[in-house]
2 protein chains.
Amino acid sequence: MTRERIVHTAANLASDRSLDGVTIGVLADELGMSKSGVVGHFGTKEALQLATLDFATDRFRELVWEPVKDQTPGLPRLLAICDSWIAYAENSGFDGGCCVVQISYEFDSRTGAVHDKVAAAVRRWRRVLVADIEAAVAAGDLAPGVNAAQLAFGLESIASGMAPSRMLQGDADTRDWARQAMRTILGLHP
Amino acid sequence: MTRERIVHTAANLASDRSLDGVTIGVLADELGMSKSGVVGHFGTKEALQLATLDFATDRFRELVWEPVKDQTPGLPRLLAICDSWIAYAENSGFDGGCCVVQISYEFDSRTGAVHDKVAAAVRRWRRVLVADIEAAVAAGDLAPGVNAAQLAFGLESIASGMAPSRMLQGDADTRDWARQAMRTILGLHP
DNA sequence: CCTACCGATCGGTAGG
DNA sequence: CCTACCGATCGGTAGG
């Protein structure tokens, strides 16, 4: 399906540069199509951006959540999430890393539909993390009295921080640093 | 000095949108100048971007490093850095948060002069963190055997993660979460 | 899905 | 620092 090809290519370009930088002309060129052929599927550039974001969040769920969703809720699944998340940060299938992280940092201080949609996607993911953190506390696997939202913030920050570490600094140990940092955030001693 | 006004305004716009999004026309409009009046100070857009990045890193050093540079090297200064860093993340003087974080995430997967310059700036800052972490270990204030580079990565990630937490999610507790997360990363128990 | 085209804006230059 | 201008590209439309 052509629409799928378009948003896939758009997400790839967005991860590599920025979502705003994915112009209709560049995208059409990349796809070997005309500009009107591309824009006809969406109507406006903002609608294309929203569809690209949908594609990226689907890919995130597919590569991070789907592989672990049948694990035992609580600490076992939380640790599995950390591992699939780190693997995804290293190989998201997009050239420039996780497209959702890119869009989060690009649109955080703006207003509008893209800002709202990426905020909602991150919020949904946080609820998953918070639920497993709370289940882990209830099971006695994490210290009682931890602030679940604070820990979720910590895990998110570490996962997002992998992109500049790997790609800006070229750190070879990013994976190990992130794995260790996530366990420290959770209060687990190695 | 006009050049100073231009890069200050450019850094403000870049923090709010993106560095690439600071077009010469928009910048000239914002300043009440002509496009050629703006571009004449720099020659090319890339030179303007590099000058804007210089301004932003100067501001970071001034607001995060300068206030704590006379503190005792090691854990005391490290904790002071965490506090000034968090305060800066909440009020950098730029409308859209820390300009260096914005540029890091925007240019991490690109090549070129802006990528290289922001990478070097982050690297310099890391060396400061690593030195104080190592001094804290030597003084017996942090656990022996900690990986200083890994801890620096953790602190950086938390500080950078404040922007989407505050501005994308509107989290009112970002400051407290970050402060707690930084201490946890350092292995300090509250 | 295409060609052809719209007005606006892009980065930048010439000349003063 | 300005006006005036360059060719290229922007998002998008008309018509088929």
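## Chain A at a glance

In chain A, 66% of the contacts with a separation of 6 or more are between residues 24 or more positions apart. Keep in mind that this is a predicted model. Chain A has 9 helices and 0 strands, so reading the elements from the N terminus on gives α-α-α-α-α-α-α-α-α. The radius of gyration of chain A comes out at 18 Å, close to the 16 Å that the globule rule gives for 190 residues, so the chain is as compact as a globular protein of that length.

As for dimensions, the C-alpha trace of chain A spans about 60 × 30 × 30 Å along its principal axes. Of the 190 residues in chain A, 54% are buried.

## The nonpolar core

The largest nonpolar core holds 126 residues. The members that touch the most others are A:Leu27, A:Trp85, B:Leu27 and B:Trp85.

Take A:Leu27 as a worked case. With its neighbours within four places in sequence set aside, A:Leu27 is in contact with A:Ile6, A:Thr9, A:Ala10, A:Leu13, A:Val22, A:Val38 and A:Leu48.

## DNA strand C

There are 16 residues around DNA strand C, and the ones that come nearest are A:Thr2, A:Ser34, A:Ser36, B:Thr23 and B:Lys45. By class, this surface has 4 nonpolar, 10 polar and 2 charged residues. On the DNA side, 59% of the strand C atoms within 4 Å of the protein belong to sugar or phosphate, and the rest belong to bases.

Now for some individual atom pairs. An N or O atom in the side chain of A:Ser34 is 2.5 Å from a phosphate oxygen of DNA strand C. B:Ile24 uses its backbone instead: a polar backbone atom there is 2.9 Å from a phosphate oxygen of the strand. B:Lys35 goes for a base, with a polar side-chain atom 3.0 Å from a base nitrogen of DNA strand C. As for which elements give two or more residues to this surface, they are α3 of chain A together with α2 (24-31) and α3 of chain B.

## DNA strand D

Over at DNA strand D, 16 residues sit around the strand, with A:Thr23, A:Lys45, B:Thr2, B:Ser34 and B:Ser36 coming nearest. The residues of this surface divide into 4 nonpolar, 10 polar and 2 charged. Sugar or phosphate accounts for 60% of the strand D atoms within 4 Å of the protein, and bases make up the rest. At least two residues each come from α2 (24-31) and α3 (35-39) of chain A, and from α3 (35-39) of chain B.

The phosphate contacts here draw on both chains. In chain A, an N or O atom in the side chain of A:Thr23 is 2.5 Å from a phosphate oxygen of DNA strand D, while A:Lys45 places a backbone N or O atom 2.4 Å from a phosphate oxygen. In chain B, a polar side-chain atom of B:Ser34 lies 2.4 Å from a phosphate oxygen of the strand.

## A closer look at A:Ser34

Back to A:Ser34, one of the residues that come nearest to DNA strand C. A:Ser34 is found in the loop between α2 and α3 of chain A. With a relative accessible area of 42%, A:Ser34 counts as partly exposed.

Besides the phosphate oxygen 2.5 Å away, the side chain of A:Ser34 has a polar atom 3.1 Å from the backbone nitrogen of A:Gly37. A:Ile24 is 10 residues from A:Ser34 in sequence, and their C-alpha atoms are 9.1 Å apart in space.

## Two spots in chain B

B:Ser160 belongs to helix α8 (residues 148-168) of chain B. B:Ser160 has a relative accessibility of 14%, so it counts as buried. Neighbours within four places in sequence aside, B:Ser160 is in contact with A:Tyr105, B:Val101 and B:Tyr105.

B:Leu50 is in helix α4 (residues 45-65) of chain B. Leaving out neighbours within four places in sequence, B:Leu50 is in contact with B:Ala113, B:Val114 and B:Lys117. B:Gly97, 47 residues from B:Leu50 along the chain, has its C-alpha atom 18 Å from that of B:Leu50.

Note on methods: Residues are numbered from 1 along each chain as its sequence is written. Chains are lettered from A and ligands numbered from 1 in the order in which they are written. This is a predicted model: local features need pLDDT of at least 70, side-chain atom pairs count only at pLDDT 80 or more; totals for chains, interfaces and linings use all residues. Side-chain values use heavy atoms; hydrogens and water are left out. A residue is near a molecule or strand if one of its heavy atoms lies within 4 Å of it. A polar contact is a pair of N or O atoms within 3.5 Å; within protein, one must be able to donate a hydrogen and the other to accept it, and residues adjacent in sequence count only if both atoms are side-chain atoms. Helices (H or I, at least four residues) and strands (E, at least two) are DSSP runs, numbered from the N terminus. Ala, Val, Leu, Ile, Met, Phe, Trp, Tyr, Cys and Pro count as nonpolar, Asp, Glu, Lys and Arg as charged, and the others, Gly among them, as polar. A nonpolar core is a set of buried Ala, Val, Leu, Ile, Met, Phe, Trp, Tyr and Cys residues joined through side-chain atoms within 4.5 Å. Buried means under 20% relative accessible area, exposed over 50%, partly exposed in between (1.4 Å probe, protein chains only). Contact means heavy atoms within 4.5 Å. The radius of gyration is taken over C-alpha atoms; the globule rule is 2.2 Å times the number of residues to the power 0.38.
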